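Let's take a walk through this structure together, from a helix pair to a few charged partners and two loop residues. Please keep the model open as you read.

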Amino acid sequence: MRVVRVIGFGGPEVLVPGEAPDPEAGPGQVVVEVAVAGVTFVETQIRRGTDKWHARPELPYVPGGLVAGRVSSAGEEVDPAWVGRRVIAGTGETGGFAERAVAAVEDLFAVPDGLGLPEAVALHSDGSTAQGLIEGAKVRPGEWVLVEAAAGGVGSLLVQLARTAGARVVGAARGSRKLDLIRELGAEAAVDYSEPGWTERVLEATGGAGPEVVFDGVGGEIGRAAFEVTARGGRFSVHGASSGEATVIDPEQARRKDVEVIGIEQLFDFGPHVVRWAEQMMAQAAAGLVRPVIGQTFPLERAADAHAAIEYRTALGKTLLLI
C-alpha cells in the first residue's frame, strides 16, 4: 500500500511517499480503508522536532493520528458488524498517512448517515476541541469573546460556537483572506494580529472594556498581548502554541486583574469527553448551527504540501488528505 513517511526531523520536505506492507488487524483491532486523513499543526511541530508535549517518534515513521473510511476487516474479539461501516478512527500519534490503517475498536466513531467523511473528520477532531473549550470557559450570552487564529480549524469553529452561545466575537488572524472568512462566520470584528496596535482595535471593538473571554491558540507575544486586554473578571483560555511557546501567565498578575487563567493543560483532560463533544458538534452541524471550514485538500503523495500550508500560515480552516 501507499504511505508517506517522515524520514528525518525537519521541514515539510522530509515527508516522502513510499510503499509498505498491508496491515493486519490483531485482537481488538480493525483495518480501515482510509479515505480521509486529518492534518494538524501539532503534527508539523512533531515532524520538525520542536514539539514539547509529545514523545519524539522513532524514525522513520508514518504521521497522522486520525483517519476516516470504511472498516475492511476486523480481528479477534471485534464485533463483525463493524466491517463495512463508515468510521472515524484514532490511530494514536502515527499511522494515518496511508491507504490502510489499523485502529483499536475502542477508538472507532461511527459516522452518521448523510455526513461526509471530510466534514466528519473536521467536526470530530477540531470540533470536539472547540466544544470542550467553550464549555470550559463558560461562555455566556452578551459577552465579548476574542478568538485567536480564528480562521483555523479550531478557531473557525470557536467563532461559530461563541456566536451560537449568544456571545459577540472578535476574531484575530493574519491577512485579508482570513479576516474575510472570520467576518463571514459571524464575527462582529476581525483584526490582523500581524499589524502593530492590533490590541487597540480589540479594545475599540469591545467598547474599551476588553473581551470577557479569550481563546489563545497562538501563544508567544500574541498570547501575552491578548491577556493584557482581557477584561477584569474575565477568562483566559489557552489551547495552542502555534508560535512555538504556550502562554504562561504569572498567577499574581492574573490575581491582580481578577482573570481566571485556564492553562493548556486543560487539553490533557479532554480525552474522556471527545465522543460526547463530537456527537454534539455533528448534531449542531446537522441543525445548521455550525459548519466546518475545509479550506484545502491534498492527495496523499502531496502530504508535504499539506504540512507546508499549515506551517507557513497559508491554510484556511481544516487541511485534509484525500486518499
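Before the first stop, a word on terms: helices (DSSP H or I runs of at least four residues) and strands (E runs of at least two) are numbered from the N terminus. Axes are lines fitted to C-alpha atoms, for helices over the stretch in contact, and angles run from 0 to 180 degrees between N-to-C directions. This is a predicted model, in which local features need pLDDT of at least 70 and side-chain atom pairs count only at pLDDT 80 or more, while totals for chains, interfaces and linings use all residues. Residues are numbered from 1 along each chain as its sequence is written, and side-chain values use heavy atoms, with hydrogens and water left out.

**A pair of helices**

Two packed helices are described by the angle between their axes and the distance between the axes. Here, helix α2 (residues 117-137) and helix α8 (residues 274-286) have axes that come within 8 Å and cross at roughly 105°. The two helices α2 and α8 are therefore roughly perpendicular to each other (angles of 65 to 115 degrees; under 35 is roughly parallel, over 145 roughly antiparallel and the rest oblique). Contact means heavy atoms within 4.5 Å. On the α2 side the contact is made by A120, L123, H124, G127, S128, Q131, G132 and E135, and on the α8 side by V274, R276, W277, A278, Q280, M281, M282, Q284 and A285. Sorted by class, the contact of α2 with α8 has eight nonpolar, seven polar and two charged residues. In this sorting Ala, Val, Leu, Ile, Met, Phe, Trp, Tyr, Cys and Pro are nonpolar, Asp, Glu, Lys and Arg are charged, and the others, Gly among them, are polar.

**Charged partners**

Side chains of opposite charge can pair when their charged atoms come close. How many salt bridges does a search of the whole structure find? The search gives 18, each a side-chain nitrogen of Lys or Arg within 4 Å of a carboxyl oxygen of Asp or Glu. Three of these pairs are listed here.

| Pair | Closest N to O |
|---|---|
| E311 and R48 | 2.4 Å |
| E143 and R140 | 3.3 Å |
| E245 and R224 | 3.1 Å |

E311 lies in helix α9 (residues 303-311) and R48 in helix α1 (residues 41-48), so their salt bridge ties together parts that are 263 residues apart in sequence. For accessibility, buried means under 20% relative accessible area, exposed over 50% and partly exposed in between (1.4 Å probe, protein chains only). E311 is buried at 11%, whereas R48 is partly exposed at 33%. In the second pair, E143 is buried at 7% and R140 is partly exposed at 45%.

The third pair, E245 with R224, has its salt bridge at 3.1 Å. E245 sits in the loop between β12 (235-238) and α7 (251-257) and R224 in helix α6 (residues 220-228), so this pair ties together parts that are 21 residues apart in sequence. Both are partly exposed: E245 at 37% and R224 at 36%. Elsewhere, salt bridges with shared partners join R2, E99 and E301 into one network.

**Two loop residues**

T206 is found in the loop between α5 (198-205) and β11 (213-216). Is T206 buried or exposed? T206 is buried, with a relative accessible area of 6%. A polar atom of the T206 side chain lies 3.0 Å from the backbone oxygen of V202. Leaving aside residues up to four places away in sequence, T206 touches W144, V170 and P211.

G114 belongs to the loop between β7 (108-110) and α2, and G114 is exposed at 85% relative accessible area. The C-alpha atoms of G114 and K52 are 38 Å apart, with their positions 62 residues apart along the chain.

Terms used
A polar contact is a pair of N or O atoms within 3.5 Å; within protein, one must be able to donate a hydrogen and the other to accept it, and residues adjacent in sequence count only if both atoms are side-chain atoms.
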